[in-house]
Every structure is written in C-alpha cells, then in structure tokens.
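Reader: I should be grateful for a close look at one part of this structure, followed outward to the parts that help to describe it. Please state the cut-offs of the terms as they arise.

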Amino acid sequence: MPVSLLTIKAPQRSFLSRVLRLGRREAAAVAAWNSIAQADNYLAVTKETVSAILERRGGSPQNCREHFMEFMGETIEAALRDGRLDDDEHEVLAYLCEILELDGDLVTGLYKSKAHSIVQAAIASMVDQGYVSPDDDERLSGLAEGLRVELSFPPDTEALLDKLRLNYRIQQGELSEIAVDISLPRAERCFGVRHGVDWYETRRATRRVSYGGPTARIKIMKGVYYRVGSMGVQTKSQDEWRRLDSGTLYLTNKRLLFLGTSLNKTIRLSQIVAHVAYLDGIEILKGAGKNPRLLFDKDPDTFGLLLQALIDAQN
C-alpha cells in the first residue's frame, strides 16, 4: 500500500514577515509538497511541475531542501507506523527523493535513523521485561527485515541482549555449571561466581552526643571552677553498615560461599527466605542472624535470578 503523504499547513506569516518577505521559502516548499500530496497519483507528478511551483513562489529545490527533509521525516514516520516498509512505500519515497532533488545519502540516513528508533524501542521493551526469549529474538529479526535495516548493535547493546537471553534461560531452569578452582564436595556444583565482592553487615555503633544547653564557668578558688550545666556526656546507639571483607562469591546448588582475604562466610540456600537485587549488589534475608549485603558490579539482577532458580530447585 503506497504511503499517504500528509498535507502540510501553510505557515502563518506576520505583517512584518510579509513586508520583509520572510518565510517565502517555507511557503514555496509547502505549496510544492501539497501539490504532490493532493495528487491522485504521486508518481505522476514530475520534477518539472515541482520546480515550476517553487519558482512561482520564489523558491528552488536547493533553498527549500531543509523544509523538504522535514516533510520527508514526517512521511517516513507515517510509513513505518506499522513496523515495516513495503515495496509501494519504498517506491514513493524514492520517487519523492528524485523529484524534490534531495540528496539520496541524506534521505537514507534520515530513514535509518527513524527505523533504528523503532528497533531501539523494541529492545527497550525487552529490557523492561527483564529477558529475551527465542520468540523475542524472532520478532526482532522480523522487525528489522520489515524495516529493511541490518540488525547489528554496538558491543554494549549486544552484551545487554546476551545477558537478557541468559536471564530467560535461567528462568526456564537451564542452568550451566561453572568450573572453579576451589574444592567442593562431590554432590555440590557451582553455577555462579562474582569477584571483587564486598561483604557488608550491620554493626551497633555507639556515639557520644555533646550537651547543647546553656553553660557558664564560675571560679571558686585558685584552680577550682564550677560549671553551670551538665558535662554533656550522652550516648546514642544505631545500626551502621560496615564492610567486613572483600573477596570472591560462589553460588552453588547448596550454598553461597564467600572467600575473603581474612574472612570466610557460608549461607546455605535453605536459610534464605528472600533476597533483593540492587544496581550494585544483592541483599540476603535469612530466617535468623545477620542479613548481609553483598556489593558487586557484574549483573546483580542475573545473579538474583540464578539464586532463586537454585532455591526453587531445592523445594
């Protein structure tokens, strides 16, 4: 189905604009464009017809190019609203480029920008759902094919998609064992490793609070003074997060194992009642004892999914 060209509203010109002949090029571009949009057959409008309309209104293909590119952008967006560019639409866009004497490379760049925005919106939707399934990959490929663009991504986007694909496999129970250089019992297997992990726990801290009321010092005798008001020795206790150690965290089918520089910790999966993933780590909530926060940079959300999958496998 051919793309529908939008009729562009003529620009409103003030008295001063008319006196100074400002906006003539825009008006000329609008008139030429609308002559195409209102034609029964876009492909029947010739380059000579467009040039004649522009000339009568003081314009030319060269000095109206900026406005034509703006109108082309709106037309491309309308054509891609269904997520594809069919042959008829492609033919009309190519013909417009010809009769308006537009730079083909500029129009191609404009088209790719609009098409890639649609692809990026599809990827953003996958990021929001937290995974990429095989069906999602198939739809993404179909979208790129329909838009006539190559499905290639910069390394950081490709890494993000690979992570989301891994998230999907984990949710489906497809867990991959990891070979590690530590000794584990025969029935225990490792499925996740994070290096450079900071282990935090809360500790009770007592702070001195100074007296803030009115004070005065009165001399009683040489070297002896009386101070009006209390000495101000007050204490206040509160919990504070403290880093206990830094090291490597292993996730097995039995436990979380932390090997630090001076501290080793173990939390059995059966002890974990909940966990919360943050941008910079994960908090482990246990039925009893301290609830640690484990800070690390590499994909805490994926680690949380893996942890939950292993907990579910025990139940």
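Author: R148, just after helix 7, adopts a positive phi of about 65°. The model is predicted, so that local features need pLDDT of at least 70 and side-chain atom pairs count only at pLDDT 80 or more, while totals for chains, interfaces and linings use all residues. Residues are numbered from 1 along each chain as its sequence is written, and side-chain values use heavy atoms, with hydrogens and water left out. Helices (H or I, at least four residues) and strands (E, at least two) are DSSP runs, numbered from the N terminus.

Helix 7 itself comprises the 14 residues 134-147. Its expected span, 1.5 Å times one less than its number of residues, is 20 Å, and the end C-alpha atoms are indeed 20 Å apart. Its buried residues (under 20% relative accessible area, with exposed over 50% and partly exposed in between; 1.4 Å probe, protein chains only) are D136, L140, L143, A144, G146 and L147. They lie on the same side of helix 7, because they cover an arc of only 165° around the axis, taken from the directions from the helix axis to the C-beta atoms. This buried set packs against helix 6, residues 104-129, where contact means heavy atoms within 4.5 Å. The face turned away from the buried side carries the exposed residues P134, E138 and E145.

Two further residues have a positive phi. E101, although not a glycine, has a value of about 55°; E101 sits in the loop between helix 5 (87-99) and helix 6 and is partly exposed, at 27% relative accessible area. D299, also not a glycine, has about 45° and lies in the loop between strand 9 (293-295) and helix 9; D299 is partly exposed at 25%.

Helix 9, residues 300-314, should span 21 Å, in agreement with its end C-alpha atoms, 21 Å apart. Among its buried residues are F303, L306 and L310. The ring of F303 pairs with that of F296: the centres are 5.5 Å apart and the planes at 70°, so the pair is edge-to-face. Rings of Phe, Tyr and Trp (its six-membered ring) pair if their centres lie within 6.5 Å; planes under 30 degrees apart count as stacked, over 60 as edge-to-face and the rest as tilted. F296 is buried at 3% relative accessible area, and F303 at 1%.
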